[in-house]
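Q: Please take a close look at one part of this model, a small piece of sheet and the helices that follow. How is it put together?

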Amino acid sequence: MTDIRTPPEAHAAVAGVDAPPAAAADRTAAIVPVPQRRPHVVIVGGGFGGLRAARLLKDADVDVTLVDRTNHHLFQPLLYQVATAVLAPSDITIPIRYVLRRQRNATVLMGDVRRIDPDARTITVDDAGWTLSYDYLILAAGARHSYFGKDQWEEVAPGLKSIADAYELRRRFLTAFEEAEKAATQEEKQAWLTFVIVGGGPTGVELAGIIPDTAEAFRKDFRRIDTCKVRVVLLEGGPKVLAAFPEKLQQEALRDLEELRVQVRLDSIVTRVERDAVYVGEERIPTRTIFWAAGNAASRLGAQLGAPVDRAGRVLVEPDLSVPGRPEVFVVGDMAAVTSEGKPVPGVAPAANQMGERAARNLLATLRGQPRQPFTYRNKGDLATIGRHRAIASFGKLQLEGYLAWFLWLFVHILYLVGFRNRVSVLVQWTYAYFTYQRGVRLISGAMTTVGSTATPSEPPSTRPPVPGWK
Ligand SMILES: Cc1cc2nc3c(=O)[nH]c(=O)nc-3n(C[C@H](O)[C@H](O)[C@H](O)COP(=O)(O)OP(=O)(O)OC[C@H]3O[C@@H](n4cnc5c(N)ncnc54)[C@H](O)[C@@H]3O)c2cc1C
């Protein structure tokens with residue numbers, strides 16, 4: 001390792017970190033212990049794919065640098081429970097640095113990768129522009145939500161991909177009840193108690209299903225509203241919810257949602273989103289809380305490789321997961337468009353894990369002078385939960401629903417959570433919530449604006465209508 005106090009210009013000659021622009025020089029010199037001589041593998045993203053690849057390279061004769069814009073690995077499948085105050089953010093995250101603490105060949109850097117130069121084999125991190133050179137690159141930067149060209153909707157209808165998103169959804173979710181309690185008119189109250197979720201995939205269904213139960217848990221805490229009367233509307237543009245599941249389970253999910261009083265609207269394409277309403281065609285649904293779970297767009301980093309991408313921005317990779325014409329670059333997880341046994345591989349956590357593993361194994365095979373293997377996806381089954389104790393599960397011919405599927409869902413999610421502390425904590429929170437109906441994380445934090453409200457913070461209080469019965 002190069003001494004971290006080596007002047008920046010000394011780094012330029014070695015693989016690892018190149019000389020940064022003068023403005024960033026001091027910062028770079030202070031941060032980076034530079035790997036030398038051995039092949040340098042840079043991994044972008046510490047999610048499912050990136051972390052799996054890094055761990056597989058543990059005993060390899062390479063230096064690994066993993067760069068992520070956050071300091072944590074995130075278990076996205078339980079994000080909706082953070083957004084609805086069931087779990088705390090720390091229950092489903094773990095510092096990437098901690099996960100790799102015993103891996104001597106791995107260095108973790110927190111930074112936002114802005115540019116990739118595949119010809120120079122470098123990536124540029126953060127605005128300050130320090131540069132890492134690589135011998136091999138594994139891109140695993142995941143996806144964001146897509147608004148199908150209506151990016152301006154994001155402010156009113158946020159999506160759920162990161163812990164920051166979950167904080168924002170939780171703030172809006174909990175604020176809606178507070179605002180309803182203060183509302184001056186019945187219409188305003190009803191609008192605050194109406195939650196619209198756009199998108200009938202697993203995230204939309206799970207969000208929609210958990211809201212009625214969570215609202216019921218609040219019922220004794222409010223005086224002016226009946227929280228059991230929340231209206232939850234799930235808008236799906238296509239003819240089905242949970243399209244990846246077999247027809248029978250889709251019907252079961254629809255029945256479960258109906259029992260939870262979720263209004264499912266199929267073939268309902270959102271045409272307009274406003275602060276106090278969402279439109280399906282000309283129909284106006286008054287609401288102050290809209291959550292977006294309708295589309296995915298791969299990280300824009302993929303487009304910088306000069307390789308073909310699909311409509312969702314995913315890189316069309318070779319069967320070995322490398323980029324066409326660039327065998328030293330692999331793309332995995334939600335960023336990669338790949339088929340296995342003739343079928344497109346879905347954007348799910350097990351697929352990202354398996355791709356991270358295959359990319360690392362192929363990289364090692366190349367170092368050993370062995371041939372690479374094509375990626376094959378092993379589908380271990382699909383699971384989705386609906387509300388407090390219902391779920392559906394599909395394992396090929398075996399299809400389950402109800403309690404059994406729900407227990408399976410609990411078991412699988414606990415099993416795949418990274419970190420013993422997180423597993424114990426989530427189990428305790430779930431048990432507590434199940435038996436007491438209470439939600440442990442009802443914290444409204446962040447900007448205290450009344451999101452979606454017609455009243456802005458700058459509005460003088462006197463212009464708001466008085467709340468009936470309040471002096
Ligand atoms: C709400 C939600 C629920 C889901 N539920 C399920 C489920 O129940 N079952 C299931 O199997 N799958 C589920 N998924 C999908 C699953 O989480 C993804 O398929 C999986 O996380 C993809 O892994 P990945 O490694 O490609 O990306 P991610 O896990 O998203 O990781 C990407 C990483 O890259 C980092 N990053 C991004 N851009 C940059 C940059 N420019 N510079 C540096 N770092 C960057 C991010 O911070 C992140 O850590 C869900 C996803 C969401 C959003």
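A: What follows describes one sheet, the helix packed on it and a second helix.

The model is predicted, so local features need pLDDT of at least 70 and side-chain atom pairs count only at pLDDT 80 or more, while totals for chains, interfaces and linings use all residues. Residues are numbered from 1 along each chain as its sequence is written, and side-chain values use heavy atoms, without hydrogens and water.

An open sheet is formed by 3 strands in the order β26-β27-β28, with antiparallel pairing (strands are DSSP runs of E, at least two residues, and helices runs of H or I, at least four, numbered from the N terminus; two strands pair if DSSP finds at least two bridges between them). Because β26 (382–386) and β28 (398–401) stand at the edges with a single partner strand each, one side of each has no neighbour in the sheet. On average, neighbouring strands are turned by 5° against each other, direction ignored. Strand β27 (residues 390–395) is joined to β28 by 4 bridges; Ser-394 has Gln-399 in β28 as its bridge partner.

Helix α11 (residues 402–416) packs on this sheet and touches β26, β27 and β28 (contact means heavy atoms within 4.5 Å). The direction of α11 makes about 80° with that of β27 (axes are lines fitted to C-alpha atoms, for helices over the stretch in contact, and angles run from 0 to 180 degrees between N-to-C directions).

The axes of α11 and helix α12 (residues 420–436) come within 9 Å and cross at roughly 150°. The two helices α11 and α12 are therefore roughly antiparallel (over 145 degrees). Among the residues in contact are Trp-406, Trp-409 and His-413 of α11, and Arg-423 and Trp-430 of α12. The contact of α11 with α12 comprises 10 nonpolar, 1 polar and 1 charged residues (Ala, Val, Leu, Ile, Met, Phe, Trp, Tyr, Cys and Pro count as nonpolar, Asp, Glu, Lys and Arg as charged, the others, Gly among them, as polar).

Conventions: Angles under 35 degrees count as roughly parallel, over 145 as roughly antiparallel, 65 to 115 as roughly perpendicular and the rest as oblique.
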